[in-house]
Amino acid sequence: MTLLTSLRRRAFAVATLATLSLGMVHAAHAADASAPDQLIRQLSLETIEAVKADKDIQAGNINKIIALVDAKVMPHINFQRMTASAVGRFWRQATPDQQGKLQAEFKTLLVRTYAGALTQVKDQTIGLKPLRAQPSDTEVVVRTEIRGKGDPIQLDYRLEKAGAEWKIYDVNVLGIWLADQYRNSFAQEIGANGIDGLIKSLADKNAKAAGAPAAKG
């Protein structure tokens with residue numbers, strides 16, 4: 001098993017929990033997405049309503065699930081910051097072209113991972129904890145927990161304010177941030193094969209997941 005394959009499996013577990021949160025939070029009315037905790041609530045409502053309304057998604061149609069995740073969840077994620085955090089110190093060494101390719105491949109990886117996770121949503125419920133933040137804060141952590149069989153599972157989101165909007169830039173499951181999980185393996189891949197090697201590795205993984213031939217180079 002390659003390093004990135006192992007990482008992708010761990011990331012899938014993280015994404016499953018994150019998707020549960022975005023798909024299973026209960027709210028009595030539409031929320032105001034201008035506040036960070038209400039954004040998480042709003043995404044939750046929209047996602048679960050879309051799943052319930054589409055029999056193909058319920059049956060596991062991966063293309064429709066990807067389209068749902070891409071339309072509902074991904075616009076609310078700051079991919080540049082998330083990618084830069086995952087790549088770590090090597091991000092500044094990358095050319096603008098390499099940064100663009102890294103961000104594109106990382107987004108594709110996460111979209112497919114979240115789409116796969118959405119098929120795992122069952123009967124769990126999610127609770128949002130009170131937001132501990134000041135009105136002037138531009139970076140906050142929204143804390144939630146997944147409730148089902150066994151002890152509740154911690155699931156937190158880091159969000160930043162960009163203009164009038166809030167964007168997610170990291171997810172924490174049981175004390176482990178998603179960007180941190182990727183950073184170590186990305187560093188090892190870059191150390192062995194350079195930044196272009198990491199780009200190719202991500203592209204190959206995405207092509208394999210999509211059923212297309214792997215990239216050459």
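How many aromatic pairs does the structure hold? In this predicted model, the count comes to three. Before turning to them, a brief look at the overall fold helps to set the scene.

The secondary structure of the protein chain consists of seven helices and five strands. Read from the N terminus, the order of elements is α-α-α-α-α-α-β-β-β-β-β-α. Six helices thus come ahead of the five strands, and a helix closes the series. The chain has 217 residues, of which 47% count as buried. Its exposed surface is about 11,200 Å², and carbon and sulfur atoms supply 50% of that area. Sequence-distant contacts are well represented: when contacts between residues at least 6 apart in sequence are considered, 56% join residues at least 24 apart.

Against this background, the aromatic pairs can be taken up again; the structure holds three of them. One of these brings together Phe106 and Tyr182, whose ring centres lie 4.9 Å apart. Their planes stand at 90 degrees, and because an angle over 60 degrees counts as edge-to-face, the pair falls in that class. Phe106 belongs to helix H6 (residues 96–118), whereas Tyr182 belongs to helix H7 (residues 178–210), so the pair ties together parts that are 76 residues apart in sequence. Phe106 has a relative accessibility of 1% and therefore counts as buried, the cut-off being under 20%. Tyr182 is likewise buried, with a relative accessible area of 1%.

Tyr182 also takes part in a further aromatic pair, this time with Phe186. Here the centres are 5.3 Å apart and the planes meet at 45 degrees, an arrangement classed as tilted. Both residues sit in helix H7, and because they are four residues apart, about one helical turn separates them. Phe186 is buried too, with a relative accessible area of 1%. Taken together, Phe106, Tyr182 and Phe186 form one aromatic cluster, with Tyr182 paired to Phe106 and also to Phe186.

Aromatic rings in this model also meet charged side chains. The charged end of Arg81 sits over the ring of Tyr169, at 3.7 Å from the ring centre. In a second example, the ring of Trp177 has the charged end of Arg158 over it, 3.8 Å from its centre.

Technical notes:
Residues are numbered from 1 along each chain as its sequence is written. This is a predicted model: local features need pLDDT of at least 70, side-chain atom pairs count only at pLDDT 80 or more; totals for chains, interfaces and linings use all residues. Side-chain values use heavy atoms; hydrogens and water are left out. Rings of Phe, Tyr and Trp (its six-membered ring) pair if their centres lie within 6.5 Å; planes under 30 degrees apart count as stacked, over 60 as edge-to-face and the rest as tilted. Helices (H or I, at least four residues) and strands (E, at least two) are DSSP runs, numbered from the N terminus. Buried means under 20% relative accessible area, exposed over 50%, partly exposed in between (1.4 Å probe, protein chains only). A charge sits over a ring if NZ of Lys or CZ of Arg is within 6 Å of the ring centre and within 35 degrees of the ring normal. Contact means heavy atoms within 4.5 Å. Accessible areas come from the Shrake-Rupley method with a 1.4 Å probe; for residues, only the protein chains shown count as cover.
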